[in-house]
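Got the viewer open? Keep the selection box handy and we'll walk through this one stop at a time.

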Amino acid sequence: MSETIRSPSPAVDVEGLDSAPLREAVELALDETKKCGASASEAAATLSQGLSVTVRMDDIETVEHTRDRGLTVTVYFGERTGSASTSDYSATSVRQTVEAACSIARFTEEDSCHGLADPDRLATEFPDLDLYHPWLLTVGEGKEIARVCEQTALDYYKQIENSEGASVDSYQGYEVYGNSHGFYGETQKTRHGISCSVIGQTNGSMQRDYWYSASRNREVLADAFEIGCIAGERTVRRLGARKLNTCQVPILFEAPVASSLLSHFIGAISGGALYRKASFLLDHLGKPVFPDFVRIHEQPLLPRAMGSTAFDNE
C-alpha cells in the first residue's frame with residue numbers, strides 16, 4: 001500500500017540539475033525512518049524537466065512542458081512494508097511522508113518476499129556511462145524539426161494521404177537513491193527523440209506505420225528527413241497486404257517486434273509475476289523456452305546506451 005502527499009510545487013529550475021536538495025531529502029528521510037523504528041528503509045528523490053512538441057498536418061498540435069520532482073519513501077517493519085511519496089522537499093513534508101509510510105506498514109499483511117536486497121549484492125562501483133547530454137530545445141526548433149519530418153513522410157509516396165503527427169522531445173533528469181544498508185547512488189540522464197507516423201490508402205484499404213530515433217545525445221539522433229523517409233517507406237510496404245493461409249513456416253522478426261517478444265519473456269520470468277502466479281512460465285524452471293542459438297544477457301554498462309545504468313532499483 002502507498003500514500004501520496006501532495007503540495008504546491010514551486011517552479012524548479014533544473015538546468016544543471018542541482019542534486020543538493022535531493023541528497024538532503026533522502027538523508028533526512030532515512031534518519032527519520034530509524035527514529036520511527038523501521039527495521040529497514042529506502043528513499044528515492046527525483047528531479048526532471050522535459051519538452052515535447054507535436055506537429056500534425058503542418059500545424060502544432062501539442063506543446064508539453066514537464067517539470068517534476070518527487071520523493072518516495074519505503075519502510076519495512078519486519079515483513080510488513082509501507083510506502084508514501086511527496087513532491088515537497090521541506091523537512092516538515094519529508095517527516096510527514098515517513099510517518100505516513102510507517103503508518104501504512106503497521107497495517108499491511110506480512111510478506112516474506114518484501115525487503116531490501118542483501119548488503120553483499122549492492123553495487124559498490126559506479127562507472128561514468130556518459131548518459132547526460134542536455135539539449136536546450138525550444139518550441140520553435142522542435143516545431144521545425146517535426147514539420148520537416150512529417151512533410152518528408154507525406155511526400156514520400158502519393159498514396160500517403162494523412163498523418164498522425166511527428167514529435168520531437170527532450171528530457172533530462174536526476175535521481176538520488178539511498179537505503180538503510182548504507183547504499184547511496186546518484187544518476188543523471190537525458191533522453192531525446194524524434195518520431196513520425198503517417199497513413200496511406202489504396203483500393204479502399206488504409207494502413208499506417210511509423211519510425212523514430214531515440215538517444216541520450218541529441219547529436220547522434222537520426223536526421224528528421226531520414227526518419228520521415230523510413231516512416232513513409234514502412235507505410236507504403238503495408239499497402240496491399242494480404243492474409244496467408246494457416247501454415248508452419250520460418251518467421252523473421254524485425255528488431256522492434258523482436259524486442260517486444262523479449263519484453264514479454266522478461267515479464268513472464270520476473271519475480272513479481274511468478275510470485276502472483278500470473279505468468280505463462282510457471283513451473284518452467286530449468287526448461288528450455290528458446291532454441292539453443294538464442295542467447296539473452298544484460299549489458300547495463302554500455303556507454304550512452306538507452307538502457308544503461310550504474311545501478312537499478314534492486
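We'll go from the whole chain to its helices, then to salt bridges and a couple of backbone oddities.

**Before you click**

This is a predicted model, where local features need pLDDT of at least 70, side-chain atom pairs count only at pLDDT 80 or more, and totals for chains, interfaces and linings use all residues. Residues are numbered from 1 along each chain as its sequence is written, and side-chain values use heavy atoms, with hydrogens and water left out.

**Stop 1: the whole chain**

Show the cartoon. You should find six helices and seven strands, where helices (H or I, at least four residues) and strands (E, at least two) are DSSP runs numbered from the N terminus. Following the sequence, the order is β-α-β-β-β-α-α-β-β-β-α-α-α. The C-alpha trace spans about 70 × 50 × 35 Å along its principal axes.

Of the 314 residues, 38% are buried; buried means under 20% relative accessible area, exposed over 50%, and partly exposed in between (1.4 Å probe, protein chains only). Now for contacts, meaning heavy atoms within 4.5 Å. Among those with a separation of 6 or more, 70% join residues 24 or more positions apart.

**Stop 2: helix 1**

Select residues 20-35, which make up helix 1. At 1.5 Å a residue, its 16 residues should span 22 Å, and the end C-alpha atoms sit 23 Å apart, which agrees. (The expected span is 1.5 Å times one less than the number of residues.)

Which residues of helix 1 are buried? Pick out Leu22, Ala25, Val26, Ala29, Leu30, Glu32 and Thr33. They cover an arc of only 160° around the axis, putting them on the same side of helix 1; the arc is that of the directions from the helix axis to the C-beta atoms. Spin to the face turned away from that buried side and you'll meet the exposed Glu24, Lys34 and Lys35.

To see what covers the buried residues, add strand 2 (40-56), strand 3 (59-77), helix 2 and strand 5, which are among the covering elements. Just after helix 1 comes Gly37, with a positive phi near 90°.

**Stop 3: helix 4 and its neighbour**

Jump to helix 4, residues 224-238. Its 15 residues should span 21 Å at 1.5 Å a residue, and its end C-alpha atoms are 22 Å apart, which agrees. Colour the buried ones: Ala224, Ile227, Gly228, Ala231, Gly232, Arg234 and Thr235. Seen down the axis they fall within an arc of 165°, so they line one face of helix 4. Their cover includes helix 3, strand 5, strand 6 (184-202) and strand 7.

Keep helix 3 on screen. How do helix 3 and helix 4 cross? Their axes come within 7 Å and cross at roughly 35°. Axes here are lines fitted to C-alpha atoms, for helices over the stretch in contact, and angles run from 0 to 180 degrees between N-to-C directions. Ile145, Val148, Cys149, Thr152 and Ala153 in helix 3 meet Ala224, Phe225, Ile227, Gly228, Cys229, Ala231 and Gly232 in helix 4.

**Stop 4: salt bridges**

Count a salt bridge when a side-chain nitrogen of Lys or Arg lies within 4 Å of a carboxyl oxygen of Asp or Glu. That gives eleven salt bridges. Here are three to zoom in on.

- Asp209 and Arg234 pair at 3.3 Å, N to O. Asp209 is in strand 7 and Arg234 in helix 4, so the pair ties together parts 25 residues apart in sequence. Both Asp209 and Arg234 are buried. Add Arg238 and Glu254: salt bridges with shared partners join these and Asp209 and Arg234 into one network.
- Arg208 and Glu164 pair at 2.4 Å, N to O. This links strand 7 (residues 205-215) to strand 5 (residues 160-179), parts 44 residues apart in sequence. Glu164 is partly exposed, at 35% relative accessible area.
- Arg304 and Asp130 pair at 3.2 Å, N to O. Arg304 is in the segment after helix 6 (271-275) and Asp130 in the loop between helix 2 (91-105) and helix 3 (139-155), 174 residues apart. Arg304 is partly exposed at 44% relative accessibility.

**Stop 5: positive phi**

Most residues other than glycine have a negative phi. Stay on Asp130: it isn't a glycine, yet its phi is positive, about 55°. Asp130 is partly exposed, with 29% relative accessibility.

Last selection: Asn203, in the loop between strand 6 and strand 7. Asn203 also isn't a glycine and has a positive phi of about 50°. Is Asn203 buried or exposed? At 80% relative accessibility, Asn203 counts as exposed.
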